[in-house]
Amino acid sequence: MIEGKKVTATSQLTKLFIGLFVGLLVVVNLIFIVAASRQIYQYAADQAEDITEAVVKDWTPQRDWSSLLNAYVARQDDDAIEITTATKRHYHSPKAPKIFGRIHHRRFAIKDLQFTKKGIYYLRQQHFSRNRVRVAINVDDLVKLVGLLLVTMILASFIMVLIAIPLIRRLARRWTVPLTTISQEVSTIDPTSKNLQTVTVPDSPVEIHKVAFSFNDLLTRQHQVIQREKEFVANASHELKTPLAGILGHVNLIKRHGQDHPEVIGQSLPYIDREAQRMKRMINDLLTLEGHYSQEAPTIVDLPPLIKEEVSSLKGAYHQHFNCDLPITCRYRITSNDFRSLVHNLVENAAKYSPADSPIEVSLQKATDHLVLTVADQGSGITPANREKIFDRFYREDESHASSIPGSGIGLAIVKAIIEKYHGTIKVGPNQPCGTIFTVTLPVEK
Ligand code: ADP
């Protein structure tokens, strides 16, 4: 593909405005020509009419009109008048034969205007009492005057265009300054930078203000995503490094002392097993979190049986008393994996963070346009300041319980991602007399 010559906004705008300006001047000059021509024509027509009317009014056959006629056209040297009577007598001003001769051999005529070799004449003829009067008015001087004015105007227009070009170019350049600034700033943005880089948002013009604003918005979101991804990778490696270091330590211990002291194998194996299980859980959680968008398409599923299944699978591992308040049936469009994962994480958390002899309430209610799932426990509770943070990946409210309560801080991040996928909301609040209530609201499709 041949790449076309790149045109800058400044040159485009300059060309456009100069084009408009020249066009405007041409139109003004054309209007002048038309108006001036009309004026000349009207002037000559009025003059010719005045003369013929005066002759008609003054007419008496007895007079010697040859000497009189010159007075009617005396004002203009090259005007002519001629009277032909019913008895074929001719009276005319001195130059009339010559002028009427020219008109006879004219080049062309537009209406009553006769274009001869030696000038332009307005010709009028009128019949009265079987006589005829002919008048020719020379308009050369007027045409010359208008021509002179036209040349002056064209010259003035040309000078105006010459002056306007640099001014228009400066104006166009000033108009495109915000664009140039943005383009320069964009080229200096380093996508790998730790700090958020944005472009200057000009106040005007509104269009560029909007573009810069939207671009900054995009940059901010992009930056947040990149930072989150970086944090995620850092956290994930950190979290995996700890159990791995423990496993390697015990493997080394077995390698060095296993033969001489075989009892270390028995001591190390449960540790290796526990840490390997922890890593497996974490990797599964990470895979769920990162891959849940690509799972199967949602179908209509009945939710209460899924809740019951998840709760009973947890009953084996935890000793709390689980109370379920569920409708007989509640059909909803969701993938069963997503819903299972949602319930499992919330109910397991309730069990993990509450005493073994406390009750856990799980309820599901369906309204016309949404359904509400709540999971309430009587455990340690979550401080108000942390109620947002617990949904961040790897966030654990109290790092000190990290060793006593198994977990990786990913469960609620998975819950949040699933809820967002179905355009729902999740709220965390305190339970009475103690503990936490998670309330999930999912919209029902109309
Ligand atoms: P994990 O349980 O693996 O640590 P989660 O993402 O499921 O990770 O939870 C994040 C943190 O939120 C937990 O570490 C815990 O501090 C807090 N949390 C979650 N659920 C509850 C609950 N029901 N009661 C008290 N704290 C909770």
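Which residues form a positive surface patch? The legends below, drawn from a predicted model, take up this question and then turn to other close-up views.

**Figure 1. The positive surface patch of the predicted model comprises Lys98, Arg107, Lys117 and Lys118.** One of these residues, Lys98, belongs to helix H3, which spans residues 96-104. Lys98 has a relative accessible area of 48% and is therefore partly exposed.

**Figure 2. Asp46, Glu49, Asp50 and Glu53 make up a negative surface patch.** Among them, Asp50 is placed in helix H1, which covers residues 9-58.

**Figure 3. The protein as a whole, given as context for the close-up views.** The secondary structure consists of 9 helices and 13 strands. Measured against a compact globule of 446 residues, for which a radius of gyration near 22 Å would be expected, the protein has 51 Å. Along the principal axes, the C-alpha atoms occupy a box of roughly 160 × 55 × 40 Å. Buried residues account for 37% of the 446 residues.

**Figure 4. A salt bridge joins Arg102 and Asp78.** The closest N and O atoms of this pair are 3.9 Å apart. Arg102 is in helix H3, whereas Asp78 is in the loop between helix H2 (65-72) and strand E1 (80-84), so the pair ties together parts that are 24 residues apart in sequence. Arg102 counts as buried because its relative accessibility is 18%, and the cut-off for buried is under 20%. By the rule applied here, the count of salt bridges in the model comes to 10.

**Figure 5. Within helix H5 (residues 206-257), Asp217 and Arg221 lie 4 residues apart.** That spacing corresponds to about one turn of the helix. The two residues form a salt bridge, in which the closest N and O atoms are 3.3 Å apart. Both partners are partly exposed: Asp217 has a relative accessibility of 37%, and Arg221 has a relative accessible area of 46%.

**Figure 6. Helix H9 (residues 411-421) is largely enclosed by the rest of the structure.** This description follows because 8 of the 11 residues of H9 are buried. The buried residues are Gly411, Leu412, Ala413, Ile414, Val415, Ala417, Ile418 and Ile419. Lys416 and Glu420 of this helix form a salt bridge, with the closest N and O atoms 4.0 Å apart. These two residues are 4 residues apart in H9, and so they are separated by about one helical turn. Lys416 is partly exposed at 31% relative accessibility, and Glu420 is partly exposed with a relative accessible area of 46%. Elsewhere, salt bridges with shared partners link Asp78, Lys95 and Arg102 into one network. Just after H9, His423 adopts a positive phi of about 60°.

**Figure 7. The loop between strand E12 (425-430) and strand E13 (436-443) contains Asn431.** Asn431 has a relative accessibility of 13% and therefore counts as buried. Between the C-alpha atoms of Asn431 and Gln378 the distance is 6.8 Å, although 53 residues separate them in sequence. Pro433 is also found in the loop between E12 and E13. The peptide bond that leads from Gln432 to Pro433 is cis, with omega near -5°.

**Figure 8. A cis peptide bond connects Ser204 to Pro205.** Omega for this bond is near -5°. Pro205 is located in the loop between helix H4 (140-188) and H5.

**Figure 9. Lys88 has a positive phi of about 65° although it is not a glycine.** Lys88 occupies the loop between E1 and strand E2 (90-92). With a relative accessibility of 66%, Lys88 counts as exposed, since the cut-off for exposed is over 50%.

**Figure 10. Ser129, a residue other than glycine, takes a positive phi near 40°.** The loop that holds Ser129 runs between strand E5 (119-128) and strand E6 (131-138). Ser129 is exposed, its relative accessible area being 59%.

Definitions and conventions
Residues are numbered from 1 along each chain as its sequence is written. This is a predicted model: local features need pLDDT of at least 70, side-chain atom pairs count only at pLDDT 80 or more; totals for chains, interfaces and linings use all residues. Side-chain values use heavy atoms; hydrogens and water are left out. Patches are made of residues with over 30% relative accessible area and no salt bridge: like charges are joined within 9 Å, nonpolar side chains (Val, Leu, Ile, Met, Phe, Trp, Tyr) within 5 Å. Accessible areas come from the Shrake-Rupley method with a 1.4 Å probe; for residues, only the protein chains shown count as cover. A salt bridge is a side-chain nitrogen of Lys or Arg within 4 Å of a carboxyl oxygen of Asp or Glu. Lys and Arg count as positive and Asp and Glu as negative; His and the chain ends are not counted. The place of a charge is taken as NZ of Lys, CZ of Arg, CG of Asp or CD of Glu. Buried means under 20% relative accessible area, exposed over 50%, partly exposed in between (1.4 Å probe, protein chains only). The radius of gyration is taken over C-alpha atoms; the globule rule is 2.2 Å times the number of residues to the power 0.38.
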